[in-house]
Amino acid sequence: MREVLEGSQAVARTVARCRPGVVCAYPISPQTHIVEALSAMARTGELADCEYVNVESEFSAMSVSIGASAAGSRAYTATASQGLLYMAEAVFNAAGMGLPIVMTVANRAIGAPINIWNDHSDAMALRDSGWLQLYAADNQEAADLHVIAFAAAEELEIPAMVCMDGFVLTHATDVLELPTAAQVDAFLPTYAPRQALDIDHPTTIGTMAGPESFTETKYLQHLRFLDAAGVIAAWSERFHEAFGREAGGLVSRYTADALERSRDAAPADEGDVTVIAMGSVLGTLQAALPALRAEGVPVRLVGIGSYRPFPAEALRDALGGSRTVVVIDRALELGSGGVLTGDVGRALAGTRSRVHSVVAGLGGRPILEESLRGVVRRAHAGELGALEFLDLKEGGVPVPHAGATEVHR
Amino acid sequence: MRQIRIHGRGGQGVVTAAEMLARAGFLAGHEVQAIPSFGSERTGAPVVSYCRFDDAPLRTREPVLVPDVVLVQDPTLLATGGVFAGLAAGGLVIVDTTTSAVEVRAAAGAQEVDATVVTVPATPITLRHLGRPKPAAAMLAAYAASASDVTLEAVKQVFRERFPGAVGEANAAAADEAFAFVRDELTGTSESETDAAALEAREV
């Protein structure tokens with residue numbers, strides 16, 4: 001059934017249909033609506049057989065999730081920004097212990113200066129925590145990804161973050177079609193942990209590993225992570241078969257003419273300017289770029305669905321040797337460039353592609369269609385630098401007037 | 001595509017208004033999207049939200065820069081300068097006020113702007129029915145009275161669904177009264193000065 005829903009509500013309902021046994025979270029903007037909705041569903045019984053645990057911090061939220069998952073329960077939490085950083089130590093522990101927790105990250109900037117709005121700095125700060133990181137292009141995908149995330153995480157015994165742009169998606173209302181409870185039940189296997197803490201058969205997990213074994217432990221974790229791309233791709237494929245729409249996957253392809261998402265779209269070719277992006281800006285690019293095609297600019301679009309593991313091979317396939325690559329990057333590696341650009345550059349090392357980094361949308365700066373078209377036009381004309389900041393205002397830090405709203409930004 | 005921008009203050013239900021408008025638009029068969037913009041999160045601070053209707057699925061996440069329609073839930077925002085910003089030529093501006101279109105234009109410094117200005121006392125109407133200054137239903141009913149994108153019935157339905165019981169009924173009653181007020185205004189049976197003739201001519 002197609003219905004009009006706020007992104008956060010869509011995610012909460014879909015998570016509930018995945019039947020988590022334990023939900024433990026601490027509210028922080030812009031994730032709050034998700035856990036509020038789950039809390040209400042736990043109270044009313046719509047979220048059945050689930051313990052909703054209130055805690056005093058994100059560190060405890062992840063710690064409870066670790067305990068629940070280790071005891072054999074399907075565990076879910078959500079956070080953003082400083083909340084993710086506050087739980088960082090436990091986030092790494094969850095991965096190291098092989099606990100397939102699913103966590104929504106409502107992507108938000110990190111202070112200082114304090115900023116509640118969207119960029120990807122939070123998840124990027126934990127890119128090497130050993131979690132899968134799946135990015136939603138829109139609210140339909142944000143909801144759908146949670147089903148895929150539970151399936152892939154539990155098969156791999158690797159925890160998964162589902163990253164969705166804070167406010168831009170979490171607080172936006174769209175026409176969506178949620179997986180029904182019956183569909184999710186048919187699609188998502190019951191969680192069957194390989195090992196679970198059991199008081200009758202005591203074991204310890206996450207123990208000390210000294211220099212004699214730490215490298216090997218990490219190596220095994222690395223090998224398991226190498227399996228992840230195939231598992232994510234397979235579950236995304238099954239999702240497409242079961243639900244008839246695309247979600248997840250390693251990279252998303254878009255048709256050359258209408259910029260519609262299509263797994264069957266041909267790769268770009270050498271002469272194309274190919275834009276690579278991740279998250280909700282993909283929708284803005286879909287709207288912005290057809291006008292450039294009409295102008296005769298050979299522009300193509302490729303989305304990154306899985307940032308961790310990074311899909312180097314699938315990306316190279318989609319780029320098809322495209323010489324001019326523009327990465328729209330919502331996080332900044334200070335002194336270097338966009339964070340995503342670094343991964344793209346490593347994937348394209350030794351190819352003839354030239355990678356341009358465009359840092360955009362930091363701290364909630366709206367990414368405008370005309371600005372994106374300007375970047376692509378300049379890339380096509382050979383005028384785009386190796387690193388640029390989209391819509392950077394010159395002459396110092398602007399100060400908004402009293403009562404300024406987004407209209408003035 | 002039809003693009004709508006809603007201005008108001010924190011606490012007046014500006015974000016809810018955009019979401020309810022999207023829901024009403026969906027009932028009319030449109031693809032819809034509502035985007036709030038969050039600022040300082042203080043009651044009384046200026047807030048804007050956006051809504052789009054289209055025939056095809058909406059992809060863009062860009063804020064509405066060139067609105068066809070602007071709804072203003074608080075007339076004290078007129079003087080801040082942003083209300084008429086980017087308005088498409090011949091656009092529609094609906095203001096919650098007890099004053100006239102002429103006074104609205106003067107307050108906003110928009111005497112010469114190519115637009116139709118409709119006024120409706122949405123907050124006084126809502127206070128009578130609901131007892132709280134949350135004029136979204138009355139404002140959306142005023143929109144339904146001024147354009148063909150959404151119907152009064154759809155506006156009432158989405159508020160009844162969201163706020164079942166007395167609150168939904170009070171919103172529906174406020175919507176009825178605001179709709180009738182604007183229809184009277186547009187057909188010239190009321191005394192208030194509006195751009196009604198212009199609106200009729202333009203078929204906004």
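**Exercise 1. In which handedness of crossing does H7(A) pass H9(A)?** Work out the geometry of the pair, then list who touches whom.

*Solution.* A quick setup note: this is a predicted model, where local features need pLDDT of at least 70, side-chain atom pairs count only at pLDDT 80 or more, and totals for chains, interfaces and linings use all residues. Residues are numbered from 1 along each chain as its sequence is written, while chains are lettered from A and ligands numbered from 1 in the order in which they are written.

Step 1: Find the helices, which like strands are DSSP runs numbered from the N terminus (H or I, at least four residues, for helices; E, at least two, for strands). Helix H7 of chain A covers residues 139-156 and helix H9 of chain A covers residues 214-243.

Step 2: Look at the axes, lines fitted to C-alpha atoms over the stretch in contact, with angles from 0 to 180 degrees between N-to-C directions. They come within 9 Å and cross at roughly 140°, so H7(A) is oblique to H9(A). For that label, angles under 35 degrees count as roughly parallel, over 145 as roughly antiparallel, 65 to 115 as roughly perpendicular and the rest as oblique.

Step 3: H7(A) passes H9(A) in a right-handed crossing. A crossing is right-handed if the near helix is turned clockwise from the far one by less than a right angle, and left-handed if anticlockwise.

Step 4: Pick out the contacts (C-beta atoms, placed from the backbone, within 7 Å). H7(A) contributes residues including A:Asp144, A:Val147 and A:Ile148, and H9(A) residues including A:Arg224, A:Trp235 and A:Phe239.

**Exercise 2. Describe how H3(A) packs on H5(A), then place A:Ala95.**

*Solution.* Step 1: The axes of helix H3 (residues 58-70) and helix H5 (residues 88-96) of chain A come within 8 Å and cross at roughly 15°. That makes the two helices, H3(A) and H5(A), roughly parallel.

Step 2: On the H3(A) side sit A:Phe59, A:Met62, A:Ser63, A:Ser65 and A:Ile66; they face A:Ala90, A:Val91, A:Asn93 and A:Ala94 of H5(A).

Step 3: Sort the contact of H3(A) with H5(A) by class: six nonpolar, three polar and no charged residues. Here Ala, Val, Leu, Ile, Met, Phe, Trp, Tyr, Cys and Pro count as nonpolar, Asp, Glu, Lys and Arg as charged, and the others, Gly among them, as polar.

Step 4: A:Ala95 is in helix H5 of chain A. This residue is buried because 23 other C-beta atoms lie within 10 Å; the cut-offs are 20 or more for buried, 12 or fewer for exposed, and partly exposed in between, with C-beta atoms placed from the backbone.

Step 5: Setting aside neighbours within four places in sequence, A:Ala95 is in contact with A:Ser129, A:Gly130, A:Trp131, A:Ile158 and A:Pro159. Its C-alpha atom is 8.7 Å from that of A:Gln221, 126 residues apart along the chain.

**Exercise 3. Which element gives the largest share of the side of chain A that touches chain B?**

*Solution.* Step 1: Count the two sides: 23 residues of chain A are in contact with 24 residues of chain B.

Step 2: The elements giving two or more residues on the chain A side are strand S1 (2-6), strand S8 (173-177) and helix H10 (281-288). H10(A) gives the largest share, five residues.

Step 3: H10(A) also packs against helix H14 (residues 369-380) of chain A at about 75°, with the axes 9 Å apart. That makes H10(A) roughly perpendicular to H14(A).

Step 4: For confidence, the predictor gives the complex an ipTM of 0.92 and a pTM of 0.95.
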